[in-house]
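Reader: Could you walk me through how the chains in this one meet? I'd like the reasoning behind each label.

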4 protein chains.
Amino acid sequence: MGNDEIIALRRRLHAIPGLGFDLDETVKIVEEYLGGLGIAGRTFGRSGIGAVIEGRGPGRTVLLRADMDGLPIEEETGHPWKSEKPGVMHACGHDVHTACLLGAAKKLSASRGDFAGRVLLVFQPAEETTGGALPMIEDGLFEMASPDGAFALHCDPSIRSGAVGVHRGPARAAADMFDCVIKGRGAHGAEPHRGDDVIAIACRTVSALHELVGRVVPPAEPAVLSVGTLSAGTARNVLPDRAEFSGIFRTVTEETRLSLRAKIRRTVMNIPDVLGAVGEIQFTEGYPALANDPEMADLVMAAAERILGEGSVTVLTAPSMGVDDFSWFLRSAPGCYFFLGTGRGTDDAPLHSPRFDPDEGCLEAGVSVLAEAALAFLGGDYQK
Amino acid sequence: MGNDEIIALRRRLHAIPGLGFDLDETVKIVEEYLGGLGIAGRTFGRSGIGAVIEGRGPGRTVLLRADMDGLPIEEETGHPWKSEKPGVMHACGHDVHTACLLGAAKKLSASRGDFAGRVLLVFQPAEETTGGALPMIEDGLFEMASPDGAFALHCDPSIRSGAVGVHRGPARAAADMFDCVIKGRGAHGAEPHRGDDVIAIACRTVSALHELVGRVVPPAEPAVLSVGTLSAGTARNVLPDRAEFSGIFRTVTEETRLSLRAKIRRTVMNIPDVLGAVGEIQFTEGYPALANDPEMADLVMAAAERILGEGSVTVLTAPSMGVDDFSWFLRSAPGCYFFLGTGRGTDDAPLHSPRFDPDEGCLEAGVSVLAEAALAFLGGDYQK
Amino acid sequence: MGNDEIIALRRRLHAIPGLGFDLDETVKIVEEYLGGLGIAGRTFGRSGIGAVIEGRGPGRTVLLRADMDGLPIEEETGHPWKSEKPGVMHACGHDVHTACLLGAAKKLSASRGDFAGRVLLVFQPAEETTGGALPMIEDGLFEMASPDGAFALHCDPSIRSGAVGVHRGPARAAADMFDCVIKGRGAHGAEPHRGDDVIAIACRTVSALHELVGRVVPPAEPAVLSVGTLSAGTARNVLPDRAEFSGIFRTVTEETRLSLRAKIRRTVMNIPDVLGAVGEIQFTEGYPALANDPEMADLVMAAAERILGEGSVTVLTAPSMGVDDFSWFLRSAPGCYFFLGTGRGTDDAPLHSPRFDPDEGCLEAGVSVLAEAALAFLGGDYQK
Amino acid sequence: MGNDEIIALRRRLHAIPGLGFDLDETVKIVEEYLGGLGIAGRTFGRSGIGAVIEGRGPGRTVLLRADMDGLPIEEETGHPWKSEKPGVMHACGHDVHTACLLGAAKKLSASRGDFAGRVLLVFQPAEETTGGALPMIEDGLFEMASPDGAFALHCDPSIRSGAVGVHRGPARAAADMFDCVIKGRGAHGAEPHRGDDVIAIACRTVSALHELVGRVVPPAEPAVLSVGTLSAGTARNVLPDRAEFSGIFRTVTEETRLSLRAKIRRTVMNIPDVLGAVGEIQFTEGYPALANDPEMADLVMAAAERILGEGSVTVLTAPSMGVDDFSWFLRSAPGCYFFLGTGRGTDDAPLHSPRFDPDEGCLEAGVSVLAEAALAFLGGDYQK
């Protein structure tokens, strides 16, 4: 695949971003491109595409994944190929991810006589919203081919274009959410003793929640808990009978996730009980934590050094508190999720900015590293 | 005035309650009744009536006050004379207050040859809402007659009908209100270090406010602080840039009122500043504290004993945290605000209940004690 | 009893103060004086004296009580009759109380032909320390004579000499104490997740305790809770396994006392449990609340007005948060504990000050009001 | 150096541990051993030894450091070579560190014709107490030879013997300490309004401090704040005029260290001010943060793989919240502090345990990796 082709492909994708599962135009481009390569894609869930490139004979299956959805942001780059859709933009680089995976598909398809096993291409929707990975799996994606290993890349403007960054362990957090209600007897504000003052209780409970991470999570292990909403009462002089608050917590190990969750529950149950009120909590699970397999990370780093040259790989240590539902695929196979440098080194707008603008030199790098990692995996570089 | 007349008058008033300043029918009844006594009432503020009964010659002026407004409550007593207005009810006994003052006016008018000085009758609106006393004063009420002493009564179903309760000092609290805003930088919930977490700050601030009364008010001095509303944020995973809360505090001495207010302000300013956020507070003054003059209280107690017999007077000690804007009149003259028993001794619904139902025997007691206290004052029983 | 005699007697007592139960010299003076009146005192408990003055025939028994102990304070008045004991002083006026009761004993003894029934004189130790009243009762005081009514007085420099102050209900608080321990796993300060951080827990618990009074006690009812000690840890970088704190709470009604105690216990149990630590609490009861019987208060007020003239009596409303174990006697009989004015109106040092210096004119007033109240009670002024 | 020799050397050191700067016997062994190699050690600070091995000609200087002090722990291993000193034990493996450095000295001394430049051997006291590195530097250590690079190793029983673990960045935290006093007016516990309740204030302040890390430190950046002591008051019913508390905070970046320190100061100043009390804080700096230079880490990893074979190196991601004053040497030169596996894989007692017992196979590994890293550095493997 020539550099011009991949750049043109990415610009086409960039111009027609969709949100969540509403990706008709993107899906059409992907399917046409795959069709042009003689690869038959199948739909899984809504707007998800799975496709297989069979090698020359029996072997392992490697999954390569790209996410396809954009963000509800009005683009401000001013490029000729900028978003044609008002208020929607590929501000998180999923156009780059999709183009890279299509490019890698072309490469791997052309060399299918050279590897055993198969490549499972996965184009998923809704990474930015409620998650498109799980619906694809639940819709039978792995019946098409069951992965033995998995790779994905994500744009990172803080790394220079032509380089990659790799975690040898936790890379992204697990996201959990909680919704709480404190119920008690209301009362006139001048007679708090006749009620249970759920506002006083809610404040005390929220403060106790904020203290948790610093007390029960190992200090060197990333974790965060935040309360984003708190609401109670309608009149200055009336103590309401109900206070509500909600928030999130993010962790990078399942052990901490479960212990923090237990402590949160206990806090919301116990503290209201002091004054006779009742605390209720409901948890909502988001994406699981995303942790790379160290050996798969080494494989990617070696592949990247071969392709991009010495000095092109950074080992990343601190996981991001952001999330990515590529973690669902890693529940079924070891893998590595790596960061593709898209920066020019100066004035690079961050992800989710209306001026996010990856250096397009990153595209060929992404294509090649993805393909090289897949081939290395199928060729047996990873043994466990 | 016969007992039957006063009962009928009160039932007429009870049937046509109004809210706040919307008291057209009540005002009409009051003005007609006064007119029937040959007393010309004048309007002060909106829906307030002032009227003077001149005695036989020069002397002091005694103010007698009744409040006239009802409450937005659907009556559930089932009496034939129950409220004709859906959702509006004399659930705080202001119909009784108004009837008693009209009855006292008849008595005093009949005996105007027996006393020197004059009686200033005040029928005020909006005691339950934003206050009707101050608008009457500001509209020139005291130019009609400047009071040397003032009396008012209020129903109390916890005291038996035929008895009264009197405070020899603080009787009702001063009401102050506050509205606070905490402003800071918003942030993603997974990146609290990029913002100022105004929810964490608001909770800490509210808890600190709740600790204040127990630390800075003399323990034997009634006071209360409550936060009635707290609101911030719209999404679980976004730390908002603004939190709002509001509340009240009530005190019975000006010294404590000012010192508590200063501490509240300092709490709301200082605690947010720890984390770089900004706390703002706005105070709204409500009714001043209502404190009886001890000697005027003694005068009322003596008058009540003469009228209602020995054992009919209880000295009340603990002030109520409720408020009454009769306190505005007490800023201009010493006085006494006393509680008229309306209870039957069993199953008496409290004030503000849809089943509040005063024993009508209280009416004659109220009329007589008001008139007797006025005469005693004009006759010189109070000297200072 | 002449004024000179009572003043001389009080000065003798003032010069030889004792602490707690160590009252040998005081007891000797009291017993000699009673002996001079032909009254045989008996010892109850350690250093307590009970004595009976029999009237002319059968009737009720009235208890009159004085406390005798001083304080560990170095006197600074400079009077010729100042304390001869270094570091010990009658800074709370118990010398005045004892002298007044001896004076009243002389008066009543002289008029024993004029009243029916009997007077039970009680001179008690240790009011300032662990309580001398209960040991006297437990040692059989009431077998000597079982009281139908009881009176006592206490100095008050904020009331002018020659006047008294009387509560018609709660006069002094009940004192309760609590001792708490928070136990948990210790840990290195850099690894709080391996322990339970009992300091964090103790701080959160103490803050929650401080919030209680303002939330669960009726605002107009006096109450206070304070934590006087808090101690944990010995090194900056080691989280200890134990934190201790202790405090007091004072209330004026048994209902509030019990409900506050239950909330305190729940706070200390529940909050540590959030983080897996254990909270323990032990309560110690102090003196019960001291509440006057309203009719007995009226009797004292009437007596005082007869003796001291009109205007000499103030009805006190706010109870003191201080304590007095005269309340133990009031568990057996209705009574009244009143405040004897000792002030000159300017620069009066407060009780417990090294410069406390009552106007000696108070002595004759105290003697007479005590005797008059006793006679009124025995004469039937109190009927219930 | 034969394996038996290094094992015997380590056992001799293990048997005679010292504390802090009291290392006479250890120093004697070190000096004798160096003397046997023809290397003249010089004393720097108290009990610190510096020595230089000159290579064949001009070149860079590489610093190799071992710490020598033990811990106040009673050994429980039961080995024949166990500590001969009651209550003192090499429970942190500094005997291993010292033996490894002596072994490396022998190796490097023997091959001094093969490298240019020089090796600066540093044996330091007091790593476990107040720090022995800085006194050596301040006493002129770098005048002996100014380092261009620096290496040190530390035992780690969680890594198997024969392997090493290396951080490519932050490895250990900066330690800061703080001591706080809250001063205010004392008062009787029943009259908190007359004082400033420094216990209430201290509790609120400590809770606010515990909330800080979770709000102002990036979630993926290791940090911890703990309060280890809190003390106030001596009697349950007296509010004291002074509360004291102290604690630590540890961070891995200077930016966070400074911003956290500023927020701590502000918390301790602002919150007491709300109630009119005064908060004071004094900071004490401990060891700086220890961060490896990524390229020096790569050099050590490469050296270790050459010596110990493939799979013997683990890249460590999460820094330890523990501290080591090797960081003082890294202020003058880039370097790498790596973890030497000492585990058998089962039942390995942790560091600072009375049963800590490194597998002695670690010794030869430590000697060789240290020497290899030094040679690689002097040979030019690190270029910057």
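Author: Sure, starting with a term: two strands pair if DSSP finds at least two bridges between them. Strands are DSSP runs of E, at least two residues long, and helices are runs of H or I, at least four, both numbered from the N terminus. This is a predicted model, where local features need pLDDT of at least 70, side-chain atom pairs count only at 80 or more, and totals for chains, interfaces and linings use all residues. Residues are numbered from 1 along each chain as written, while chains are lettered from A and ligands numbered from 1 in written order.

Reader: What makes strand 10 of chain A and strand 10 of chain B a pair?

Author: Three bridges join them, and the rule asks for at least two, so they pair. The two strands run antiparallel, with A:Ser231 opposite B:Ser231.

Reader: Which residues make up the contact?

Author: Residues touch if their C-beta atoms, placed from the backbone, lie within 7 Å. By that test, 33 residues come from chain A and 33 from chain B. Strand 10 of chain A gives the largest share of its side, eight residues.

Reader: How do you know that the copies meet through the same surface?

Author: Because 100% of chain A's interface residues are also interface residues in chain B.

Reader: And why a two-fold rotation axis?

Author: Superposing by least squares on C-alpha atoms of residues with pLDDT of at least 70 in both, chain A lands on chain B with an RMSD of 0.2 Å, after a turn of 179° and a shift of 0.1 Å along the axis. The copies are thus related as by a two-fold rotation axis.

Note on methods. Contact = placed C-beta atoms within 7 Å.
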